[in-house]
Amino acid sequence: MRLIALDTETTGLHSKNGDRIIELAMTEITRSESPREFHAYFNPQGREISPDAFAVHGISAEFLEDKPTFAERFGEIVDFIDGAPLVIHNAPFDLEFIRDETLEAGLIWPEVSVIDTLKLASRERPGKHNSLDALCNWLGIDLSVRTKHSAIIDTRLLAEVYLRWKGQSTLDLTSAPQAAVEAALNAPLPLNPARIALTAPESLPAAAWEKFFETIKL
């Protein structure tokens, strides 16, 4: 299962009041050290960037003057997604902006599944602070690269959060045969991975472990 972390930055907080998307990024959730990514800035078409939003992301109107519109890059966005489920932190915020940008351009957003990590965290960590920063701190992920909010940085962090949270990146397979390691690491990422009690602190889905054991038996 191919999963994609998605994030946006905007001119303000309310798409219904005319605020626009000015940055959109997507990062594949994978164990690869060089995941495929999509990253684009957009011209807000005359919409001013609120002081509060600028304080968060530091993206200026002058920087965006020569950038394409959301509609002009829309085809590339859809092609990159290619039907894959999206992992978004506080998904309603981003999806509301995407919906309005899409409708404004007279385009059709593809029907894809969405995993809202904020809702997942609220269910699994009730009563705790569950911002992206908080989840990174909980999982021991370095936040030093995040001096400002940035869609591309945040998708990379979110991808790492999802991998660690669902037990996909903390395996010690160094003593296993190389073929077994490759079989385990190339297994698809599930939406709701099963857990199995083995030597690793977190575990791959059961199907991946079955491949792992089959290879060892050979």
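A residue is called exposed here when its relative accessible area is over 50%, and buried when that value is under 20%. With those cut-offs in mind, the structure above, which is a predicted model, can be read from its overall make-up down to single residues.

The protein chain holds 9 helices and 5 strands, and from the N terminus on these elements follow the order β-β-β-α-α-α-β-α-β-α-α-α-α-α. Of the 218 residues in the chain, 45% are buried, while the surface that the chain exposes comes to about 11,500 Å², with carbon and sulfur atoms supplying 52% of it. Among the contacts with a separation of 6 or more, 69% are made by residues 24 or more positions apart.

The strands form an open sheet of 5 strands, in the order S3-S2-S1-S4-S5 and with mixed pairing. S3 and S5 are the edge strands, each of them pairing on one side only, and the twist from one strand to the next averages 25°. Helix H4, residues 91-104, packs on this sheet, where H4 touches S1, S2, S4 and S5 and its direction makes about 70° with that of S1. Strands of a sheet pair through backbone hydrogen bonds, in either a parallel or an antiparallel sense.

Strand S2, which spans residues 21-28, is mostly covered, since 8 of its 8 residues are buried. On one side S2 pairs with strand S1 (residues 4-10) in the antiparallel sense over 7 bridges; within this pairing, Ala5 has Thr27 of S2 as its bridge partner, and Leu6 stands opposite Met26 in S2. Strand S2 is also joined to strand S3 (residues 37-41) by 5 bridges, again running antiparallel, with His39 in S3 as the bridge partner of Ala25 and Tyr41 in S3 standing opposite Glu23.

The edge strand S3 shows an alternation of its side chains along the strand: Phe38 and Ala40 point to one face and are buried, whereas Glu37, His39 and Tyr41 point to the other face and are not buried. Two of the residues on that second face, His39 and Tyr41, are thus also those already met as partners of residues in S2.

A comparable division into sides can be followed in helix H5, residues 117-124, where Thr117, Leu120 and Ala121 are buried. Seen down the axis of H5, these buried residues fall within an arc of 95°, so they line one face of the helix. An α-helix has 3.6 residues a turn, so residues three or four places apart point the same way. On the other side of H5, Lys119 and Arg123 are exposed.

What do the buried residues of H5 pack against? Their partners are strand S4 (86-88) and strand S5 (114-116), together with helix H6 (132-139) and helix H7 (151-165), and of these S4 and S5 belong to the sheet described above. The N-terminal end of H5 is capped by Asp116, a side-chain oxygen of which lies 2.9 Å from the backbone nitrogen of Leu118.

Notes: Residues are numbered from 1 along each chain as its sequence is written. This is a predicted model: local features need pLDDT of at least 70, side-chain atom pairs count only at pLDDT 80 or more; totals for chains, interfaces and linings use all residues. Side-chain values use heavy atoms; hydrogens and water are left out. Helices (H or I, at least four residues) and strands (E, at least two) are DSSP runs, numbered from the N terminus. Buried means under 20% relative accessible area, exposed over 50%, partly exposed in between (1.4 Å probe, protein chains only). Contact means heavy atoms within 4.5 Å. Accessible areas come from the Shrake-Rupley method with a 1.4 Å probe; for residues, only the protein chains shown count as cover. The arc is that of the directions from the helix axis to the C-beta atoms. A polar contact is a pair of N or O atoms within 3.5 Å; within protein, one must be able to donate a hydrogen and the other to accept it, and residues adjacent in sequence count only if both atoms are side-chain atoms. Two strands pair if DSSP finds at least two bridges between them. Axes are lines fitted to C-alpha atoms, for helices over the stretch in contact, and angles run from 0 to 180 degrees between N-to-C directions.
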